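Welcome! Please take a moment to look over the structure shown here, and then follow the notes underneath as a guided tour.

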Amino acid sequence: HAIEKRRVGAVLVVSLTGRLTEQFDGATLGKELSGVVVFDLKGVESITSFAVRSWIQMLRAAKPQLTALYLARCSARFVDQLNMVADMDGGAQIVSFYAPYHCEAGQHEFEVLLDCEEDAKRIREGGAASGPCPKCDADAVLAEDPQAYFWFATQQADVSIPPAVRQALSGESG
């Protein structure tokens, strides 16, 4: 895994990529977090149960130093953990997440980035369950049960995201 930290104004953006395993040292990272923190999780390919425990410990340790915590561009693998593990979000506000889709016609697999504020109605209604395939334009469906997959996000839908957080994330492509 790789950890990249950058400050954009008052916001600390922490990007995680790769596989989070027993090598993920949440305790050390937690000590480095303060103020407004945004985790960019689009690059998380997988996360082991050991890394989940380390992640939760990191968030608990950092909490006293945090003004606000946001999770952005959560990968589908990270969303799986958000839906299964209590305290995985550490009380953070979810900004956006990827949803996995499957196109029956062309057998394509792809992910769509959903924004908890901008796509709130679609998320609450499970309306993000289908859409066009970007490769062949055929109908594609969510590769997961919509009610189960969007469960974590329904509580986050329609909560506004501060402009400073949006600006900090805009430096990278979605």
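Helices and strands here are DSSP runs, with at least four residues for a helix and at least two for a strand, numbered from the N terminus. By that count, the chain holds 7 helices and 9 strands. Keep in mind as you read that this is a predicted model.

**The chain as a whole**

- The radius of gyration is 16 Å, which agrees with the value near 16 Å that a compact globule of 174 residues would have.
- If you follow the C-alpha trace along its principal axes, the chain spans about 50 × 35 × 25 Å.
- How much of the chain is buried? Buried residues account for 48% of the 174 residues.
- Take the contacts between residues at least 6 apart in sequence: 66% of them join residues at least 24 apart.
- The accessible surface adds up to about 8,500 Å², and carbon and sulfur atoms hold 50% of that.
- The chain carries 16 positive and 23 negative charges, and the mean positions of these two groups are 7 Å apart.

**Gln-156, a buried loop residue**

- You will find Gln-156 in the loop between helix H6 (151-154) and helix H7 (163-170).
- Is Gln-156 buried or exposed? Its relative accessible area is 11%, and a residue counts as buried under 20%, so Gln-156 is buried.
- Setting aside residues up to four places away in sequence, Gln-156 touches Asp-89, Ala-92, Gln-93, Ile-94 and Cys-116.
- With Ile-94 there is also a polar contact, as the side chain of Gln-156 reaches the backbone nitrogen of Ile-94 at 2.8 Å.
- Pro-132 is 24 residues from Gln-156 in sequence, and their C-alpha atoms are 25 Å apart in space.

**His-102, a buried strand residue**

- His-102 sits in strand E6, which covers residues 96-103.
- With a relative accessible area of 14%, His-102 is buried.
- Which residue shares a side-chain polar contact of 2.3 Å with His-102? The partner is Glu-109.
- Not counting residues up to four places away in sequence, His-102 touches Gln-107, His-108, Glu-109, Ala-140, Val-141 and Ala-143.

**Ser-54, a buried helix residue**

- Ser-54 belongs to helix H2, made of residues 49-62.
- Ser-54 counts as buried, at 6% relative accessibility.
- The Ser-54 side chain makes polar contacts with two backbones: it reaches the backbone oxygen of Phe-24 at 3.1 Å, and one of its polar atoms lies 2.9 Å from the backbone nitrogen of Gly-26.
- Leaving out neighbours within four places in sequence, the contacts of Ser-54 are Phe-24, Asp-25, Gly-26 and Ala-27.

**Two loop residues with a positive phi**

- Arg-73 is not a glycine, yet its phi is positive, near 50 degrees.
- Where is Arg-73? Look in the loop between strand E4 (66-72) and helix H3 (76-84).
- At 6% relative accessibility, Arg-73 counts as buried.
- Asp-87 is not a glycine either, and its phi is positive at about 75 degrees.
- The loop that holds Asp-87 runs between H3 and strand E5 (93-94).
- Asp-87 counts as partly exposed because its relative accessibility is 44%, and that class lies between 20% and 50%.

How values were computed: Residues are numbered from 1 along each chain as its sequence is written. This is a predicted model: local features need pLDDT of at least 70, side-chain atom pairs count only at pLDDT 80 or more; totals for chains, interfaces and linings use all residues. Side-chain values use heavy atoms; hydrogens and water are left out. The radius of gyration is taken over C-alpha atoms; the globule rule is 2.2 Å times the number of residues to the power 0.38. Buried means under 20% relative accessible area, exposed over 50%, partly exposed in between (1.4 Å probe, protein chains only). Contact means heavy atoms within 4.5 Å. Accessible areas come from the Shrake-Rupley method with a 1.4 Å probe; for residues, only the protein chains shown count as cover. Lys and Arg count as positive and Asp and Glu as negative; His and the chain ends are not counted. The place of a charge is taken as NZ of Lys, CZ of Arg, CG of Asp or CD of Glu. A polar contact is a pair of N or O atoms within 3.5 Å; within protein, one must be able to donate a hydrogen and the other to accept it, and residues adjacent in sequence count only if both atoms are side-chain atoms.
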